[in-house]
Amino acid sequence: MSENVTRPTDREQDAKAAILSRIRYALRDEPAAPEVPRDYRRASSLDHAEVVDMLEDRLVDYKANVYRETGESLPQRVGQLLGEAVTIVPEGLDESWIPDSVRTVRDRGDDGGPLTARELDGLGAVVTSSTVSCAETGTIFLNSHPDEGRRALSLVPDHHVCVVPLDSVVELIPEAFERVSHDRPITMISGPSATSDIELERVEGVHGPRTLDVILLG
Amino acid sequence: MTVVDLGMPGTRIAYGSGNLYEETPFPEHARSELGNQQMRANIGHATHTIRAKRGRVVGELPDWQDLRDAGSAIKQEVGARLPELLEQFEANVTARGGIVHWARNAAEANRIVTDLVRAKGVDEIIKVKSMATQEIGLNEHLEGQGIKSHETDLAELIVQLGDDKPSHILVPAIHKNRDEIREIFSRRMPGTGKTLTNEPAVLAEAARTYLREKFLDTTVAVSGANFGIAESGTLTVVESEGNGRMCLTLPKTLITVMGIEKLLPRFADLEVFTQLLPRSSTGERMNPYTSMWTGVAEGDGPEEFHLVLLDNGRSAVLGDPDGRSALHCIRCSACLNVCPVYEHAGGHAYGSTYPGPIGAILSPQLTGVAAEQNNSLPYASSLCGRCYEVCPVKIDIPSILVHLRDEDVRTKHGERDDAAAQQRSTVSAAREAEAAATGAQPEPAEHPDRVKKSRVPSEMDVLMKGAGVVMSSGKRMALAEKALPLGRGALKPFGGAKWLPGMVGGWTQERDIPVPPSQSFRNWWRKHGEETEQRVARDLGSTALAPSGPGEAPSSSLAGHIEEHAGWGAEAQAVIRARAGQSSGGESTKSSDATSTGEEQA
Ligand code: SF4
């Protein structure tokens, strides 16, 4: 962290004491914290195949393109989806997924440091893996693992090819949360970016990748 | 339960300031837009569309009510354990390399953010849509300090470039149509020129290109937060467009302003709220992007992270056992979309960052109900109860409205003098402070000590009679409600917008709402009038509930639960009975007690 970090002032420390004291005063009736009822579904009752079908359905509903591949057919699909695009590949990604035809770059600039945002903006696509996917909501979780890369990689390029290993697919949100760690940043992705801000008409693709290709692998 | 007054000084209760009430009349252009059919049509279209979508996706979940119960209980737990959770949260954010600041009020938060931005030596920042920063008026404040803040959410950008104000929590530019947006963009975005059409896709592309440069070049970002996790120090931002991800990931410095009520105890609690929020809010199974981060992540995102924890009246809200659940709000806006009053008045009319039913309870509680700018808001409702039915965290808005009306009536009767004086002085002090900061001449605010308290029954009293009489009878309640359209009808002879006679008078006087065309209001009333009868029937304990009338949006899947959850009426009456019991007992309010917390509760 840089040297000129601004630390809280004494005045802010006073503010903390004042706020906490206000809150304690506000709670002088000592309201009880209730037991939290967790009767909502926390474990799936579906077959795994049904769960995968549901994920595909929900992803398509939110305008992602979905492909089902095996380890063998995967590279060809990746090659076909990426075409001529200059593609950034996270350090930890399984290299066998990327065919030789793809023009790849790594997250290292001329100075040896990571690429700048502007450099990322000059790229065409990104390929990542993923940590867990929730079928019920059509949500893919990235958890900044080495095969997913830092957050900017899956954000700045306009085309995201995301590989979802079938054993990482669960039905429910609580099941998905069990598989992510808050120690690293988490990004939940449900379809390409979208806005409905203009007369509520949905427009796919504002700032995030406008094309989201999901490959169900297994 | 008896609440014991520990005799702590009343100054412990501090009300909020900022964009919680209107300071200045709307610009002329806003006035004409509000009155026009287009605005009404836009709002009507939007609320009905979102409401239908919400109904569909909520209906998909067999355990929706279980999720609501969990959400409500978690939020209650947060309120009850707030001091401890805040300290835990601060410790965890700090342990992970974040820097935590505390702000008592809007002015303090603005100053902290300004100092942080200045310390970075920049005069431009990018911003993610955030209600907290809008509440404190951060953009205006920064502007006054020579710092340009770029809103990056498409709707906020439209609002900002159009020198306008947001009108809806979720879709702030809901009152602008595509032609108006095209006009704003071509005027304010360099290089858009003639090629810009009014196609939403083309307009979105223009915004993408315009903002991409800002994302790549700007080194400081400011965001709000949807949730903060006490046990881990994790922060969460829920969004659609990717502008949030850009702001949270690309800049070197991130400053997040978060209201103290946004905490959740456990990381696992997100499994509840990430289900409740998007379905209630945009009517999607999940919003496109949700970002979570804990402090500073080495090599991934900002190198410096500041968190500003904001009180600004929240502790005062917490101090009222009958009103504190307003703090449970997760800002989904579902209550706006079902509210007949919101649909017809529009978001601007509430004069606060928080419009609609939640605004009608939250704004007056944050500023104190005696702040004249907000004391009429609790009347901006027909108490139809739909807001409670859709609220994902089960905030009993109608009962709180009734409670606040009662507070207001007691204030007007001089029964809450100390509280009232403090609430009024908070407003005038904030006004003077802001004026001092900008070097402007403060609006002459009446000195709180000189504000006359009316001990004469007002028109409102006659209608409300301490709320108890009216509310205790469904018939009479129906009559009171009917006074609303009559009041509107009576507008014409007086030539328009400035005031409405009768019980909604204060509301319009302060807010200057242009009159919605009377014809369509009557049409609307004719269509929905019979719902009053249903409400009456429900209040009287009748179990039969007529199906929604024609012209309703496809009724949400909650329709089947309406009876089950129509119990708010009973709660409201319990509140009223408790109040009635108190006043007949001749118990006077303790003068050291600035809110109602010193009273006996039912
Ligand atoms: S009060 Fe409830 S329904 Fe209204 S915005 Fe808040 S959480 Fe949503």
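This is a walk through a predicted model, from its chains down to single residues.

Let us begin with chain A. Chain A contains five helices and twelve strands. Its radius of gyration is 22 Å, well over the 17 Å that the globule rule gives for 218 residues, so chain A is more spread out than a compact globule. If you turn the chain to follow its principal axes, the C-alpha trace spans about 65 × 50 × 40 Å. Even so, 56% of the 218 residues of chain A count as buried. Among the contacts in chain A with a separation of 6 or more, 69% come from residues 24 or more positions apart.

One stretch of chain A carries a label from a database. In an unreviewed entry, UniProt lists residues 124-217 of chain A as "domain: LUD". Over residues 124-217, the chain is 37% strand and 5% helix. The C-alpha atoms at the two ends of that stretch are 23 Å apart.

A good place to zoom in is A:Asn65, which sits in strand β1, made of residues 65-69 of chain A. Which residues does A:Asn65 contact, leaving aside its neighbours within four places in sequence? They are A:Thr211, A:Leu212, A:Asp213 and A:Val214. A:Asn65 is partly exposed, because its relative accessibility is 32%. Now look for A:Tyr25: A:Asn65 and A:Tyr25 are 40 residues apart in sequence, and their C-alpha atoms are 55 Å apart in space.

Another stop in chain A is A:Ser144, found in the loop between β6 (139-142) and β7 (159-165). The backbone is worth a look here. Most residues other than glycine have a negative phi. A:Ser144 is not a glycine, yet its phi is positive, at about 50°. With a relative accessibility of 15%, A:Ser144 counts as buried.

Chain B comes next. Chain B has 26 helices and ten strands. Of its 602 residues, 64% are buried. For chain B, residues 24 or more positions apart supply 76% of the contacts with a separation of 6 or more.

To find your way around chain B, try B:Lys53 in helix α2, which covers residues 37-59. B:Lys53 is partly exposed, since its relative accessible area is 27%. Apart from its neighbours within four places in sequence, B:Lys53 is in contact with B:Thr282, B:Gly283 and B:Glu284. B:Phe185 lies 132 residues away from B:Lys53 along the chain, and 29 Å separates their C-alpha atoms.

From there, move to B:Glu261, in the loop between β7 (253-259) and β8 (263-264) of chain B. Is B:Glu261 buried or exposed? B:Glu261 is buried, because its relative accessible area is 5%. Not counting residues up to four places away in sequence, B:Glu261 touches B:Lys75, B:Val78, B:Arg314, B:Leu327 and B:Arg331. B:Glu261 and B:Leu318 are 57 residues apart in sequence, with their C-alpha atoms 9.3 Å apart in space.

One of the residues that B:Glu261 touches, B:Arg331, leads us on to the ligand, as B:Arg331 is also among the residues that surround it. The other members of this shell are B:Cys329, B:Ile330, B:Cys332, B:Ser333, B:Cys335, B:Ile358, B:Cys391, B:Pro392, B:Val393, B:Ile395 and B:Ile397. Sorted by class, the shell has ten nonpolar residues, one polar residue and one charged residue.

Staying in this part of the sequence, look at B:Lys394, in the loop between α17 (386-390) and α18 (397-412) of chain B. B:Lys394 is another residue other than glycine with a positive phi, near 55°. At 22% relative accessibility, B:Lys394 counts as partly exposed.

We end with the cysteines. How many disulfides does the structure hold over all chains? The count is zero. In chain A, A:Cys134 is in no disulfide, and the nearest cysteine sulfur, that of A:Cys162, is 14 Å away. A:Cys134 is buried, with a relative accessible area of 0%. In chain B, B:Cys384 is in no disulfide either, and its nearest cysteine sulfur belongs to B:Cys387, 6.2 Å away. B:Cys384 is also buried, with a relative accessible area of 10%.

Conventions: Residues numbered from 1 in each chain as written. Chains lettered and ligands numbered in written order. Predicted model: local features only at pLDDT ≥ 70, side-chain atom pairs only at ≥ 80, totals over all residues. Heavy atoms only, no water. Near = heavy atom within 4 Å. Nonpolar A, V, L, I, M, F, W, Y, C, P; charged D, E, K, R; others polar. UniProt positions renumbered as here; feature names shortened; annotations may be inferred. Helix = DSSP H or I, 4+ residues; strand = E, 2+ residues; numbered from the N terminus. Disulfide = S-S within 2.5 Å. Buried < 20%, exposed > 50% of the residue type's maximum accessible area, 1.4 Å probe, protein only. Rg over C-alpha atoms; globule rule 2.2 N^0.38 Å. Contact = heavy atoms within 4.5 Å.
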